[in-house]
Amino acid sequence: MKYLRGIVGGLLLGLLAAIPWMLLYVYGRFIIAYLALPIAFAFDYGYKLFKGKVDKKLPTFIWIASIVIMLAVNLFFIPLLELNYYDYKINYYNLVYIYENGYLSSITLDLIISIVFTVIGISGVVNKSKGEVGLPTRGSYNQIQEKMLLNKQKIKVIFEGMDATSKYNAVSKDQLSEIFEDKELKATFNNLRLQTIIKKKGNKYYYSIKADENALYRFLILYGKIMLWIFAFFIVMFILIGLLA
């Protein structure tokens with residue numbers, strides 16, 4: 001019962017926190033994405049204000065509830081305000097009507113931006129909440145991060161020992177058996193691959209010194225890849241919309 005009471009209170013305050021975002025979106029005709037940030041804070045405050053039970057389940061409640069609120073705002077409350085804005089009667093049939101006439105496709109980009117900023121807001125609140133209920137927080141992972149830096153240095157030395165620091169001297173997976181036979185080194189290897197510090201050329205790998213030493217370079221590469229995925233997503237969406245139209 002205490003869980004339910006806290007969740008109801010959190011949802012109410014979360015929706016109240018989203019009101020400025022909704023009003024500016026509909027009546028101001030622009031989106032200020034950072035207004036999505038307070039949703040998680042408001043849920044956390046409302047949960048505690050309504051005497052919800054604070055334990056290890058709270059961070060999960062914050063994640064789920066904040067995403068639910070964000071989706072409800074974009075997919076239900078904003079469409080209702082849009083109907084009011086254009087002097088349509090607010091009812092089920094008109095709500096279905098605007099969805100059938102391209103509402104969802106028109107807000108796709110705004111929805112993605114809203115999700116990003118909501119997740120940013122959630123992360124801070126969840127980390128604070130974990131500390132309150134005795135779960136590990138980011139600060140608890142300093143030793144793990146130090147271990148990963150040590151493993152990274154070991155991997156770098158292995159690549160440099162084989163002069164595999166450019167695509168022209170890339171080495172095969174078999175030549176990196178020392179890395180792949182060690183569970184921790186393998187995990188760090190995969191992490192460096194995600195950061196584009198270790199790059200793949202065909203079926204071979206090399207260690208990019210430039211990517212290792214230049215965070216901006218890594219960011220631009222990752223940003224470019226993300227933008228390509230987003231572009232591909234929209235292309236697929238437009239194709240599907242065209243086929244279903």
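This section describes the fold, the sheet, a bent helix and the aromatic pairs of the protein, as seen in a predicted model.

The secondary structure of the protein consists of eleven helices and three strands. Read from the N terminus, the elements follow the order α-α-α-α-α-α-α-β-α-α-β-β-α-α. Of the 245 residues in the protein, 34% are buried. The accessible surface amounts to about 15,200 Å², and carbon and sulfur atoms account for 65% of this area. When contacts between residues at least 6 apart in sequence are considered, 65% of them join residues at least 24 apart.

The three strands form an open sheet in the order β1-β3-β2, and their pairing is antiparallel. The edges of this sheet are occupied by β1 (171–172) and β2 (198–201), each of which pairs on one side only. Strand β2 is joined by four bridges to β3 (residues 204–207), and the two strands run antiparallel. Within this pairing, Ile198 is found opposite Tyr207 of β3. Helix α9, which spans residues 183–194, packs on the sheet and touches both β2 and β3. The direction of helix α9 makes an angle of about 75 degrees with that of β2.

Among the helices, α3 (residues 58–85) contains a kink of about 40 degrees, with its centre at Val73. Just after helix α3, Asp87 adopts a positive phi of about 60 degrees.

Eight aromatic pairs are present in the structure. In one of them, the ring centres of Tyr92 and Tyr93 lie 5.6 Å apart with the planes at 75 degrees; the pair is therefore edge-to-face, since planes over 60 degrees apart are classed in this way. Tyr92 has a relative accessibility of 60% and so counts as exposed. Tyr93, with a relative accessibility of 67%, likewise counts as exposed. A further edge-to-face pair is formed by Phe189 and Tyr205, whose ring centres are 5.3 Å apart and whose planes stand at 80 degrees. Because Phe189 belongs to helix α9 and Tyr205 to strand β3, this pair ties together parts that are 16 residues apart in sequence. Phe189 and Tyr205 are both buried, whereas Tyr92 is exposed. The contact of helix α9 with strand β3 is thus accompanied by an aromatic pair between these two elements. Elsewhere, one aromatic cluster is made up of Tyr3, Phe43, Tyr47 and Phe61.

Conventions: Residues are numbered from 1 along each chain as its sequence is written. This is a predicted model: local features need pLDDT of at least 70, side-chain atom pairs count only at pLDDT 80 or more; totals for chains, interfaces and linings use all residues. Side-chain values use heavy atoms; hydrogens and water are left out. Two strands pair if DSSP finds at least two bridges between them. Contact means heavy atoms within 4.5 Å. Axes are lines fitted to C-alpha atoms, for helices over the stretch in contact, and angles run from 0 to 180 degrees between N-to-C directions. The bend at a residue is the angle between axes fitted to the seven residues ending there and the seven starting there. Buried means under 20% relative accessible area, exposed over 50%, partly exposed in between (1.4 Å probe, protein chains only). Accessible areas come from the Shrake-Rupley method with a 1.4 Å probe; for residues, only the protein chains shown count as cover. Rings of Phe, Tyr and Trp (its six-membered ring) pair if their centres lie within 6.5 Å; planes under 30 degrees apart count as stacked, over 60 as edge-to-face and the rest as tilted.
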